[in-house]
Amino acid sequence: MPEFLDAFVSEIERKRGRFKQLLSKGVSSPLDKDLQKLMQTNWRPLPDIEPDGEQSLPPKAIAVDGSRASRFLAVGSTLYVVRSLAICGKRRFRRLESDVLASRADVRDISRYIDRKSEWIEHAVARDAIEGMAENGCEFLLIDGSFHARLMALPRDMPQEGQRGFMIDYFREYLGLLEVCRERRIAPVGVSKDSRVTFLRDHFLKMLLEEELKALKLSKEDDREIRQTFEEIIHRRRGKRVKRFTRLESKYGSGKLDRVIQILLEARMLRSDHQMILNFTTSEGYSTPLELGAFGRGGELLDTYCREPREYVSRHFPEAVDEAADPESFIDESANVLSMIPSFPTIVSFHMRLDKRDTPLRLDVPSWVFGIDRSLKDLSGFSPISHDNIEGIVSALRRLFGGITHYNILLTSVDTEVRLKRDTVDRIYVPLLEKSLQLQLPLPQVRGYRRGWYAR
């Protein structure tokens, strides 16, 4: 069978139990009942909306999304297109950028650069829309994706000649977008349909560990070592061996630390917040909001930006410094931008399920929207906040819900218009480029087939 279907069927049969568990419910552990109880305790019903009241009307909002496509050419270069669209009422604001990368960088680094370019152009078109709709009275800016992940992006050399220092422009544009939102009193909301974050799960585990250690009354040294191991695990530190704590059985008695070890082993697993919501809730609602600061090495980076930004630029942007017309000016300007990152606002993040048949959404909102004046440098990890503060955001997003196929009518609309489809790229963009340049693109022939566009 040329499609290897017989081998695929055999593999399914051989791993039936594992496939069924991980593809339907994900991972599980002895803490399932505890996590389910905490999940239900931290799951709140959606606020009521009067069907004929003012709150039933869709909020005034700007919706922004982007799309990108890339192609590796036979000559060794990469052609890419990124475009972004902002919609506010009947107004449209557009941006597009296309370029060719001639780089020896790894494919992953090239893809990361194009992804950041796409986010950067989204930030830019969002500012265009805000400044172009100054008198419109928009309440919200909706962007597809996570705000916190963008804040934690790593500034370093990029693979594009002449754009080595692009990440400095990226953070400058991002900071400018958040500032203009704050000045105009527009609430930026990052909406993620897919999320692998474990912030809420980690919060629950921290609560369970605190309760268990309080009951055990271990020595100060052992208590401190367990807490430190837990923190290092959830902050993705490698090399933390959990089972070494079994050696304490001779000190405290057999089985006494079993629950502690279960908590530490659960912390090492990927059980996303979305998985918990799908497994442990049966109704529409939203989760306890958490204020997010810097995690793991993010905290160390923020400290470096504060203490030695020039040294960071010299160390992580060597090629950008080398290609700069005035290296000292580039270092000064870049150090100034990096030193502002620790003052970016913390992000309040929570999950919401608008239909019990649907998957959850993750929402990211700058903390100043809720009257919290705290920056990234002021918070390590996460901290729960009052859920009362977020009901305005929850109500607004609920009014924009268009069913399980249209999770947000504005973001769905802008996604439909901006999405780069394969046919659009292959049958319109590429022929237009070839005609304008009077050449035929040297597409690679690899073992009898042509590589296609990677568009999304």
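The second largest cavity holds about 50 Å³ of space in this predicted model. A cavity is a set of points on a 1 Å grid over the protein atoms alone where a 1.4 Å probe fits but cannot get out, and its lining residues have an atom within 4 Å of a point. Grid points are joined across faces, edges and corners, and a volume is the space filled by probe spheres set on the points. The lining includes Phe199, Asp273, Leu290 and His351, and its largest share, 3 residues, comes from strand E9. Helices (H or I, at least four residues) and strands (E, at least two) are DSSP runs, numbered from the N terminus.

Residues are numbered from 1 along each chain as its sequence is written. Local features need pLDDT of at least 70 and side-chain atom pairs count only at pLDDT 80 or more, whereas totals for chains, interfaces and linings use all residues; side-chain values use heavy atoms, with hydrogens and water left out.

The whole structure contains 3 cavities of 30 Å³ or more. The largest cavity has about 50 Å³ of space, and helix H12 gives the largest share of its lining, 4 residues. The table sets out two cavity linings by class; Ala, Val, Leu, Ile, Met, Phe, Trp, Tyr, Cys and Pro count as nonpolar, Asp, Glu, Lys and Arg as charged, and the others, Gly among them, as polar.

| Cavity | Nonpolar | Polar | Charged |
|---|---|---|---|
| Largest cavity | 8 residues | 1 residue | no residues |
| Second largest cavity | 5 residues | 4 residues | 1 residue |

Two helices have their buried residues (under 20% relative accessible area, 1.4 Å probe, protein chains only) described here. In H13 (residues 309–316) these are Pro309, Tyr312 and Val313. They line one face of the helix, because they fall within an arc of 100° seen down its axis; the arc is that of the directions from the helix axis to the C-beta atoms. Their cover includes helices H12, H14 and H15. In H17 (residues 409–418), Leu411, Thr412, Val414 and Val418 are buried. Their arc of only 170° around the axis puts them on the same side of H17, and strands E2, E3, E5 and E6 are among the elements that cover them.

The largest nonpolar core (buried Ala, Val, Leu, Ile, Met, Phe, Trp, Tyr and Cys residues joined through side-chain atoms within 4.5 Å) has 56 residues, of which Ile62 and Leu141 touch the most other members. Helix H6 (residues 166–184) gives the most to this core, with 11 residues.

Technical notes. Buried means under 20% relative accessible area, exposed over 50%, partly exposed in between (1.4 Å probe, protein chains only). Contact means heavy atoms within 4.5 Å. On a 1 Å grid over the protein atoms alone, a cavity is a set of points where a 1.4 Å probe fits but cannot get out, and a pocket is an open set with protein on both sides within 12 Å along at least five of seven lines; lining residues have an atom within 4 Å of a point.
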